[in-house]
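Colleague: I'm new to reading structures, and I'd love a close look at one part. Could you walk me through the metal site?

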Amino acid sequence: MHEMGIANSVLEAVRTEMNRRPGSYPCKVGVRIGEMTAIDQDALRFCFEALILETDMASLELGIEFCPRRHRCQDCGGDFIVRDYDTRCPQCASLETTFVSGDELELAYLEVEEYGSSTVGEKSTQ
Ligand SMILES: [Zn+2]
């Protein structure tokens, strides 16, 4: 399953980052997902939760930022969100448009809490 591999690499990235921050633990990780990646957000969330279950990161929350497909018009220079695979410019109806974004698959942010100074009621030490 595609989503399982992605959930795994997100967790690996979190682990790598947390190795550089002793004394703190991750509470929320955000990923940016473009429409073109065809990733099923629900499936990704499901895989992620299955992976962290009963681990030291069981309280880690996954935030998903969805990025729609965007094109830019060669004729009028405007950019727009592509809907229903219609890549025509909504302003001037030109067919000369190019892909700008929507294939993102990256870590957007990572929120950490320090042990001891936490406001969260979790006791996930170890
Ligand atoms: Zn245009």
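Modeller: Happy to; here is a tour of the zinc site. This is a predicted model, in which local features need pLDDT of at least 70 and side-chain atom pairs count only at pLDDT 80 or more, while totals for chains, interfaces and linings use all residues. Residues are numbered from 1 along each chain as its sequence is written, and side-chain values use heavy atoms, with hydrogens and water left out.

Let's start with what holds the metal. The zinc ion has the protein donors Cys73, Cys76, Cys89 and Cys92, each through its SG atom, lying 2.3 Å from the ion. Donors here are N, O and S atoms within 2.8 Å of the metal (3.2 Å for Na, K and Ca); water is not among the atoms, so sites may look incomplete. The angles among the four donor atoms run from 105 to 119 degrees, and the site is tetrahedral. For four donors, that word asks for all angles to lie between 85 and 135 degrees.

Now follow the chain: the donors are spaced as C-x2-C-x12-C-x2-C. Cys73 sits in strand β3 (residues 70–73) and Cys89 in the loop between β4 (79–81) and β5 (97–101), so this pair ties together parts that are 16 residues apart in sequence. Strands are DSSP runs of E with at least two residues, numbered from the N terminus.

Finally, are these two residues buried or exposed? Both Cys73 and Cys89 are buried, meaning under 20% relative accessible area with a 1.4 Å probe, protein chains only.

Methods:
Tetrahedral: all angles 85-135°; square planar, octahedral: opposite > 155°, others 65-115°. Helix = DSSP H or I, 4+ residues; strand = E, 2+ residues; numbered from the N terminus. Buried < 20%, exposed > 50% of the residue type's maximum accessible area, 1.4 Å probe, protein only.
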